[in-house]
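Thanks, everyone. I would like to take a few minutes to go through one model with you, beginning with a helix and then turning to some strands.

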Amino acid sequence: MNFEHLIQINDPENPLVESLTRDQLWLGLLHRVENPVPFLPGLESCTILERAADALLRELDFGPAVIQDRVTMADRHWVRFDIQPSEVHPGGSLTITIEEPEPSFLFLRFAYETTLANNPNSEDRAYIDYVKSAYHQSDVDCVRLIRSLAAGIPLQ
């Protein structure tokens with residue numbers, strides 16, 4: 001299943017929405033890379049196994065399941081999380097891209113690639129819809145946490 005959606009970050013025409021800069025957004029995404037615990041419900045800990053200039057290999061401990069993912073990134077543009085296939089997880093990826101179609105109009109595009117079939121007639125349709133909804137809610141929460149970081153509020 002491939003699934004993607006946009007979340008608008010800035011709306012210069014709406015004074016009720018606190019604007020973020022590209023740098024603030026990028027720093028929030030880097031925080032998610034370095035310390036994903038507040039961003040991923042159920043995650044107990046994260047250990048960085050390898051580090052390069054534009055990539056990390058991490059071990060994510062969810063208690064009953066431990067998975068590894070490789071994180072790659074392009075500075076102030078995108079972050080990609082590739083879950084390594086294992087006995088406990090079939091693998092998949094998430095790419096988060098910062099988009100700015102016009103100056104000051106920032107968006108985050110969340111693009112998922114999973115092993116779930118995306119057949120609309122499938123018996124798993126309700127499950128697929130649930131997964132998409134859960135991904136979307138997780139991404140809304142991610143943006144909320146990035147806004148908190150930008151406002152100087154420490155994450156729990």
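How far apart are the end C-alpha atoms of helix 2, residues 125-150, and what span should its 26 residues have at 1.5 Å a residue? Bearing in mind that this is a predicted model, the expected span is 38 Å and the end C-alpha atoms are 38 Å apart, so the two values agree.

Staying with helix 2, its buried residues are Ile128, Val131, Lys132, Asp139, Cys142, Val143, Leu145, Ile146 and Ser148, and what they pack against is strand 1 (2-8), helix 1 (22-34) and strand 7 (105-114). As general background to such a list, an α-helix has 3.6 residues a turn, so residues three or four places apart point the same way. Just after helix 2 comes Gly152, which takes a positive phi of about 85°.

Let me now move to the strands. Strand 3, residues 55-61, is largely enclosed by the rest of the structure, because five of its seven residues are buried.

Which strands, then, does strand 3 pair with? With strand 2, residues 45-52, it runs antiparallel and is joined by seven bridges; here Ala52 stands opposite Ala55 of strand 3, and a hairpin through two residues connects strand 2 to strand 3. With strand 4, residues 66-74, there are again seven bridges in an antiparallel arrangement, and in this pairing Arg58 stands opposite Asp69 of strand 4. Strand 3 and strand 4 likewise form a hairpin, with four residues between them, and Gly63 in that turn has a positive phi of about 85°.

Key
Residues are numbered from 1 along each chain as its sequence is written. This is a predicted model: local features need pLDDT of at least 70, side-chain atom pairs count only at pLDDT 80 or more; totals for chains, interfaces and linings use all residues. Side-chain values use heavy atoms; hydrogens and water are left out. Buried means under 20% relative accessible area, exposed over 50%, partly exposed in between (1.4 Å probe, protein chains only). Two strands pair if DSSP finds at least two bridges between them. The expected span of a helix is 1.5 Å times one less than its number of residues. Contact means heavy atoms within 4.5 Å.
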